[in-house]
Amino acid sequence: MEKKKAITLAFTGASGAPYGIRLLERLLAADYQVYLLISSAARVVLATEHDVKLPANPETAQKALISRLQCRPEQLIVCGKEDWFSPVASGSAAPKKMVICPCSAGSVAAIAHGMSDNLIERAADVVIKERGQLLLVVRETPFSTLHLENMLKLSKVGVTIMPAAPGFYHQPSSIDDLVDFMVARILDHLQIDQELVPRWGYDHR
Ligand SMILES: Cc1cc2nc3c(=O)[nH]c(=O)nc-3n(C[C@H](O)[C@H](O)[C@H](O)COP(=O)(O)O)c2cc1C
């Protein structure tokens, strides 16, 4: 039997909710099964920056997102912050790929110190210990020395630090173009085909 393509995606409370929603849409379109983890602060940011108002209850949030994004119900699993029996909480079952997008400086700090105090931190810790692929789309400005030290620590154990810093060389004409730039780079790193933004050298205007 063919193994399902699965990935863990977490939204934390950094600015950049549109990146997270767009990435979720593209992962579902690429036929991934997505385990989605949403911090309390991420729900506040989503309601502030996007038209997505999610309830705190994971099952209700899951239903709302499945209906909004029109995906197959089995494709999207929203997990609660203390859902320790979720597959993402154990190296025996967790997907080997995880993206935190957007990723707050607070979550970076907790992950860099192996806190595992909520399911997002635990899932990240599992991916690191299992030597899977963890991408952190960090957003803060400026970065403090603490932020930089935490990111360096994570980079040294193989985590990809991908600041939410879109380029302008594709001549964006809208916010969607900037969002797509970041999402395209994330998909490239995950080795998922994307046609949002051409790769450098393939299509120059
Ligand atoms: C609208 C809004 C925007 C925020 N933007 C950022 C940000 O860009 N970067 C950051 O590190 N924290 C930001 N924060 C603060 C975090 O949400 C806060 O530190 C929170 O505790 C992070 O928790 P989490 O990592 O569990 O989501 C923002 C908060 C709000 C409400």
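**Figure 1. Pairing of strands β5 (133–138) and β6 (160–161).** Leu 136 of β5 has Ile 161 of β6 as its bridge partner. The two strands are parallel and are joined by two bridges; strands count as paired when DSSP finds at least two bridges between them. Strands are DSSP runs of E with at least two residues, helices are runs of H or I with at least four, and both are numbered from the N terminus. This is a predicted model, in which local features need pLDDT of at least 70 and side-chain atom pairs count only at pLDDT 80 or more, while totals for chains, interfaces and linings use all residues. Residue numbers start from 1 along each chain as its sequence is written.

**Figure 2. Strand β5 and its partner β4 (97–103).** β5 is largely enclosed by the rest of the structure, because five of its six residues are buried. Buried means that 20 or more other C-beta atoms lie within 10 Å of the residue's own, exposed means 12 or fewer, and partly exposed lies in between, with C-beta atoms placed from the backbone. β4 runs parallel to β5, and five bridges join the two. Within this pair, Lys 97 stands opposite Gln 133. Helix α7 (residues 175–189) lies across β4, β5 and β6, at about 165° to β5. Such angles run from 0 to 180 degrees between the N-to-C directions of axes, which are lines fitted to C-alpha atoms, for helices over the stretch in contact.

**Figure 3. The whole sheet and its edge strand β3.** Six strands form an open sheet in the order β3-β2-β1-β4-β5-β6, with parallel pairing. β3 and β6 are the edge strands, each pairing on one side only. β1 and β2 are joined by six bridges, and Ala 6 stands opposite Gln 33 of β2. Four bridges join β2 (residues 33–38) to β3, where Cys 79 is the bridge partner of Leu 37. In a regular strand, side chains alternate between the two faces of the sheet. Both faces of β3 (residues 76–79) are covered: Leu 76 and Val 78 are buried on one side, Ile 77 and Cys 79 on the other.

**Figure 4. The two sides of helix α2 (40–49).** Which residues of α2 are buried? They are Ala 42, Val 45 and Leu 46. These residues are on the same side of α2 because they cover an arc of only 105° around the axis, the arc being that of the directions from the helix axis to the C-beta atoms. They pack against β1 (6–11), α1 (17–29) and β2; residues are in contact if their C-beta atoms, placed from the backbone, lie within 7 Å. The face turned away from the buried side carries the exposed residues Ser 40, Val 44 and Thr 48.

**Figure 5. The shell around the ligand.** The ligand is surrounded by 16 residues, of which Thr 12, Gly 13, Ser 39, Ala 41 and Ala 105 are the closest. A residue is near a molecule if its C-beta atom, placed from the backbone, lies within 6 Å of it. Helices α2 and α4 (105–112) each supply at least two residues of the shell. Five residues come from α2, the largest share. By residue type, the shell divides into six nonpolar, eight polar and two charged. Here Ala, Val, Leu, Ile, Met, Phe, Trp, Tyr, Cys and Pro count as nonpolar, Asp, Glu, Lys and Arg as charged, and the others, Gly among them, as polar.

**Figure 6. Backbone exceptions.** Most residues other than glycine have a negative phi, and most peptide bonds are trans. Cys 101 and Pro 102 are joined by a cis peptide bond with omega of about -5°, and Pro 102 lies in strand β4. A cis bond also runs from Thr 141 to Pro 142, with omega near -10°; Pro 142 is in the loop between β5 and α6 (145–156). Asp 31, in the loop between α1 and β2, has a positive phi near 70°. Asp 31 counts as exposed, with 12 C-beta neighbours inside 10 Å. Ser 116 has a positive phi of about 50° and lies in the loop between α4 and α5 (119–129). With 17 other C-beta atoms within 10 Å, Ser 116 is partly exposed.

**Figure 7. Surroundings of Val 159.** Val 159 lies in the loop between α6 and β6. It counts as buried because it has 22 C-beta neighbours inside 10 Å. Leaving aside residues up to four places away in sequence, Val 159 touches Ile 128, Leu 134, Leu 136 and Leu 154. Val 159 and Glu 195 are 36 residues apart in sequence, and their C-alpha atoms are 25 Å apart.

Key
Two residues are in contact if their C-beta atoms, placed from the backbone, lie within 7 Å.
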